[in-house]
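Here are some notes for a colleague, set out as numbered points to be read beside the sequence and the coordinates. They move from ring contacts to helices and then to individual loop and strand residues.

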Amino acid sequence: MKRIAGMLLVVVALAGILWAASTLSITGAGATFPYPMYSKWFDEYHKKNANIEINYQSIGSGGGIKQITEGTVDFGASDGPMNDEQLKAYADKHGFGILHFPTVMGAVVPFYNVPGVSAELNFTPEALAGIFLGKITKWNDPAITGPNKGITLPASDIVVVHRAEGSGTTYCWTDYLSKVSDEWKTKVGKGGSVNWPVGLGGKGSEGVTGTVKNTPNSISYVELIYAESNKIPYGSVKNSDGVFVKASLAAVSAAASGAAKEMPDDFRVSITNAPGKASYPISTFTWLLIPEKFTDTAKRDAIKGFLTWALADGQNYAEALSYAKLPKEVVAKESKAISKIQ
């Protein structure tokens with residue numbers, strides 16, 4: 001009996017080794033913005049392809065760009081495209097480039113915790129820039145109360161909360177503020193990391209959300225999915241056509257409609273403050289960052305297969321998680337671009 005039991009243990013151990021050897025593990029890291037979407041995608045793709053396991057760390061876009069540049073992950077993810085300097089740093093280190101693949105679209109919303117106020121507030125571009133510049137410091141400032149007739153706002157100090165680490169959500173937010181405020185553009189500018197004039201830092205979307213929930217009279221910015229899932233009120237934003245628009249999938253798609261028809265070959269494009277009465281002004285694509293070349297052909301083929309699936313069947317999971325599907329024109333252009341991965 002002992003001999004049989006021992007043989008069984010050996011068989012089980014060998015089966016485990018063979019299973020591990022047949023499983024291809026792919027690693028990625030980056031943006032928190034699309035994490036709910038990516039988590040769903042990677043799980044569903046694994047169900048269809050049991051030999052492929054994609055592991056993703058939600059560490060922020062800055063971390064994703066850093067890790068893909070250092071070569072410690074197979075792919076990165078960011079809500080803000082890599083800039084020319086970052087692309088050059090990657091190419092200088094590896095001898096080839098990085099490719100941007102938009103995956104879904106989403107919105108960044110101003111959300112807040114004002115005791116006694118459960119109403120959805122309206123925010124003008126001037127008010128948001130003023131708050132985050134530290135120039136508008138009270139909730140009952142006319143810049144906030146003006147567009148919110150009938151809502152009683154307190155004379156309490158505004159507590160600004162922002163992301164503490166490099167973040168694509170921050171890139172989208174500051175890209176928007178740079179377009180609507182010359183003072184913001186001059187003094188702070190856009191980027192995944194900026195020198196904030198005022199405020200507390202929170203780690204990741206989860207950290208920012210938690211800080212706002214636990215800090216009375218606070219305001220911050222976060223992805224639509226996090227605001228909705230945490231049941232925190234978020235405001236409408238006045239767009240470039242002068243209409244207050246609340247973030248929605250339709251409003252994000254409206255913002256992307258113009259860019260979709262004129263999408264550049266490298267897919268690096270901004271859709272903040274887009275024209276159109278129905279456009280939500282703080283909308284963005286989110287990107288996977290894929291190396292142009294792989295030494296491991298199995299990983300290369302697996303990533304190409306995943307991208308092909310994500311641009312087709314994968315899009316059907318987006319709306320249930322509060323992300324907008326990619327425009328058809330973008331999907332068609334990306335599907336061709338997959339062939340650039342060698």
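**Notes on the predicted model**

1. In this predicted model, the charged end of Lys 246 is placed over the ring of Tyr 234, at 4.7 Å from the centre of that ring. Lys 246 appears again among the contacts of Ser 236, a residue of strand β9 (residues 236-238). Once neighbours within four places in sequence are set aside, Ser 236 is in contact with Leu 121, Asn 122 and Phe 123, and also with Phe 244, Val 245 and Lys 246. Ser 236 counts as buried, its relative accessibility being 8%.

2. Aromatic pairs number 26 in the structure. One of them joins Phe 42 and Phe 75, whose ring centres are 6.1 Å apart and whose planes meet at 65°, so the pair is edge-to-face, given that planes over 60 degrees apart are classed in that way. The two partners come from distant parts of the chain, with Phe 42 in helix α2 (residues 35-48) and Phe 75 in strand β3 (residues 75-78), 33 residues apart. Both rings belong to buried residues, at 7% relative accessibility for Phe 42 and a relative accessible area of 4% for Phe 75.

3. A second pair is formed by Trp 196 and Tyr 221, and here the centres are 5.9 Å apart with the planes at 25°, so the pair is stacked. This pair, too, links distant parts of the chain, since Trp 196 is in the loop between α8 (182-187) and β7 (200-202) whereas Tyr 221 is in strand β8 (residues 218-223), 25 residues apart. Trp 196 counts as buried at 17% relative accessibility, under the 20% limit for that class, and Tyr 221 is likewise buried, at 1%.

4. Ring pairs also build a cluster, which takes in Tyr 35, Tyr 38, Trp 41, Phe 42, Tyr 45, Tyr 56, Phe 75, Phe 306, Trp 309 and Tyr 317. The edge-to-face partners Phe 42 and Phe 75 are thus members of this cluster.

5. Which residues bring helix α3 and helix α4 into contact? The axes of α3 (residues 61-70) and α4 (residues 84-94) come within 9 Å of each other and cross at roughly 20°, which means that α3 runs roughly parallel to α4. On the α3 side the contact is made by Ile 65, Ile 68, Thr 69 and Glu 70, and on the α4 side by Gln 86, Tyr 90, Lys 93 and His 94. By character, the residues of this contact divide into 3 nonpolar, 3 polar and 2 charged.

6. Helix α5 (residues 125-133) has 8 of its 9 residues buried, and is therefore largely enclosed by the rest of the structure. The buried residues are Pro 125, Ala 127, Leu 128, Ala 129, Gly 130, Ile 131, Phe 132 and Leu 133. Just after α5, Gly 134 adopts a positive phi of about 80°.

7. Two residues other than glycine deserve a look for their backbone angles. Most residues other than glycine have a negative phi. Phe 267, in the loop between α11 and β11, has a positive phi near 65°, and at 2% relative accessibility this residue counts as buried. Ser 322, which lies in the loop between α12 (297-311) and α13 (328-337), has a positive phi of about 70° and is buried as well, with a relative accessibility of 13%.

8. Where does Asn 217 lie, and is this residue buried or exposed? Asn 217 is in the loop between α9 (204-213) and β8, and it counts as buried at 13% relative accessibility. Beyond its neighbours within four places in sequence, its contacts are Asn 113, Val 114, Pro 115, Trp 139, Pro 154, Ser 156, Asp 157, Ile 158 and Val 159. From C-alpha to C-alpha, Asn 217 and Asp 141 are 13 Å apart in space, with their positions 76 residues apart in sequence.

9. Asp 266 is found in the loop between α11 (249-261) and β11 (283-291), and with a relative accessible area of 34% this residue is partly exposed. Asp 266 and Asn 217 are 49 residues apart in sequence, and their C-alpha atoms are 41 Å apart in space.

Definitions and conventions: Residues are numbered from 1 along each chain as its sequence is written. This is a predicted model: local features need pLDDT of at least 70, side-chain atom pairs count only at pLDDT 80 or more; totals for chains, interfaces and linings use all residues. Side-chain values use heavy atoms; hydrogens and water are left out. Axes are lines fitted to C-alpha atoms, for helices over the stretch in contact, and angles run from 0 to 180 degrees between N-to-C directions. Helices (H or I, at least four residues) and strands (E, at least two) are DSSP runs, numbered from the N terminus. Angles under 35 degrees count as roughly parallel, over 145 as roughly antiparallel, 65 to 115 as roughly perpendicular and the rest as oblique. Contact means heavy atoms within 4.5 Å. Ala, Val, Leu, Ile, Met, Phe, Trp, Tyr, Cys and Pro count as nonpolar, Asp, Glu, Lys and Arg as charged, and the others, Gly among them, as polar. Rings of Phe, Tyr and Trp (its six-membered ring) pair if their centres lie within 6.5 Å; planes under 30 degrees apart count as stacked, over 60 as edge-to-face and the rest as tilted. Buried means under 20% relative accessible area, exposed over 50%, partly exposed in between (1.4 Å probe, protein chains only). A charge sits over a ring if NZ of Lys or CZ of Arg is within 6 Å of the ring centre and within 35 degrees of the ring normal.
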